[in-house]
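Student: I have a model open and want to learn to read it. Can you walk me through some features?

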Amino acid sequence: MNPVIVVHGGGASNISKDRKEWVRQGIIKAAEAGYKILMDGGSAVDAVEVAVAFLEDHPEFNAGCGSVLNVNGDVEMDASIMNGQDLSAGAVSAVRCIANPIKLARLVMEKTAHCFLTDQGAAKFAAVMGVPTIPKEQLVTERNIKRLEKEKHEKGALKLDCQQDLGTVGAVALDCKGNVAYATSTGGIVNKMVGRVGDTPCIGSGGYADNDIGAISTTGHGESILKVNLARLTLFHVEQGKTLEEAANMSLGYMKSKLKGLGGVILVSKAGDWAVKWTSTSMPWAAAKNGKLHSGIDLNETTITDLP
Ligand SMILES: CC(C)C[C@H](NC(=O)C[C@H](N)C(=O)O)C(=O)O
């Protein structure tokens, strides 16, 4: 099987010119890191975890360091991961003061009998697993302090369609053995209530992976994604015989018409086809397969280069 990895950097409404190149490079590096693991014979789960952890560490993206702030100015993060081989899954929500929520989600998947831990329970589990806590300031960027101030002053109320330039992150992969996996991680939405949990940690909304179908990771308006179970809904259409593009158009179209909800998805099929689709203005993405790297941010803009 020829391995494939696809990575996304959120469903932004607009990415300012000065940030675009920086975001593009981040997404490409994440895809390359994941692809290298796959080419060395590593698993799909390893590849998506590495790609997403890389973007969590990257301050331009809304996950890990660089997460958006809640109404109190704090970072609360959600993440999930799933192995398509046996449908094992791990998720954490509302976690604070750790660098890589996706790694904690993987520990939930592999070291507990559960698939979802939240808030204080997740923190206790992290401590037991030896995951270091970090001062909350290490996750907070100047840009996000300004962004929260702006959101509070200009709107007062949550208005997601106006939120710009965020950058939830996700990855899907197919490895040499035919296993698929997904990982998704986010700081959520700016000025959210304390304890608000979005779609990202919810299996079937923030992503899904099943070796008999494929894998998907989503981004966008979490409340809308949750209501339509965007990830599983899209794979359902694939199961019914639709192409990845058709399936993504159908589920994103359904979410838009029912709820006016915008978002984006990245997909890989069990056969190694891949697709990226979004209804937000743009979505930074990159896909690596057969030694080629495809990437883009805006609609109808794809660059293809050779991988190193
Ligand atoms: C405006 C939206 C499309 C931006 C997008 N947000 C998310 O994906 C948030 C995540 N699904 C949640 O609800 O917690 C982003 O961060 O790029």
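Tutor: We will take the strands, the ligand site, an aromatic pair and some backbone angles in turn. Keep in mind that this is a predicted model.

Student: Which strands pair with E12, and in what sense?

Tutor: Look for bridges between strands. E12 covers residues 292-296. Strand E11, residues 285-289, pairs with E12 in the antiparallel sense over five bridges. On the other pairing, four bridges join E12 to strand E13, residues 303-306, and these two also run antiparallel.

Student: Which residues stand opposite each other?

Tutor: Take one example from each pairing. Ala-288 is opposite Leu-293 of E12. Lys-292 has Asp-306 in E13 as its bridge partner.

Student: How many residues lie between the strands of each hairpin?

Tutor: The hairpin of E11 and E12 has two residues between its strands. In its turn, Asn-290 has a positive phi of about 50°. The hairpin of E12 and E13 has six residues between the strands. There, Asn-300 takes a positive phi near 55°.

Student: Why is E12 described as largely enclosed?

Tutor: Check burial residue by residue. The cut-off for buried is under 20% relative accessible area. Four of the five residues of E12 are buried, so the strand is largely enclosed by the rest of the structure.

Student: Now the ligand. How many residues surround it, and which are closest?

Tutor: Start with the shell, then go to single atoms. The ligand is surrounded by 15 residues. The closest are Thr-168, Arg-196, Asp-199, Thr-219 and Gly-220. By class, the shell has 11 polar, two charged and two nonpolar residues.

Student: Which atoms of the ligand lie at short listed distances from N or O atoms of Thr-168 and Asp-199 side chains?

Tutor: For Thr-168, an N or O atom of the side chain is 2.7 Å from an oxygen atom of the ligand. For Asp-199, a side-chain N or O atom is 2.6 Å from a ligand nitrogen atom. The backbone takes part in the list too: a polar backbone atom of Gly-11 is 3.1 Å from an oxygen atom of the ligand. As for cover, the ligand on its own has 440 Å² of accessible area, and the protein covers 97% of that.

Student: How many aromatic pairs does a search of the whole structure find?

Tutor: One. Read such a pair by two values, the distance between ring centres and the angle between planes. The rings of Trp-274 and Trp-285 have centres 5.6 Å apart and planes at 40°, so the pair is tilted. Trp-274 lies in strand E10, residues 274-278, and Trp-285 in strand E11, so the pair ties together parts that are 11 residues apart in sequence.

Student: Are these two rings' residues buried or exposed?

Tutor: Compare each value with the cut-off. Trp-285 has 4% relative accessibility, so it counts as buried. Trp-274 has 21%, so it counts as partly exposed.

Student: Where else should I look for a positive phi?

Tutor: Look at residues other than glycine. Ala-94 has a positive phi near 55°, and Lys-260 has one near 60°. Then ask where each sits. Ala-94 lies in strand E3, residues 88-95. Lys-260 is in the loop between helix H8 (244-259) and strand E9 (263-269).

Student: Which of them is buried, and which exposed?

Tutor: Ala-94, at 6% relative accessibility, counts as buried. Lys-260, at 73%, counts as exposed.

Methods:
Residues numbered from 1 in each chain as written. Predicted model: local features only at pLDDT ≥ 70, side-chain atom pairs only at ≥ 80, totals over all residues. Heavy atoms only, no water. Buried < 20%, exposed > 50% of the residue type's maximum accessible area, 1.4 Å probe, protein only. Pairing = 2+ DSSP bridges. Near = heavy atom within 4 Å. Polar contact = N/O pair within 3.5 Å; in protein donor to acceptor, adjacent residues only side chain to side chain. Areas by Shrake-Rupley, 256 points an atom, 1.4 Å probe, with all protein chains shown as cover. Nonpolar A, V, L, I, M, F, W, Y, C, P; charged D, E, K, R; others polar. Phe/Tyr/Trp six-rings, centres within 6.5 Å; stacked < 30°, edge-to-face > 60°.
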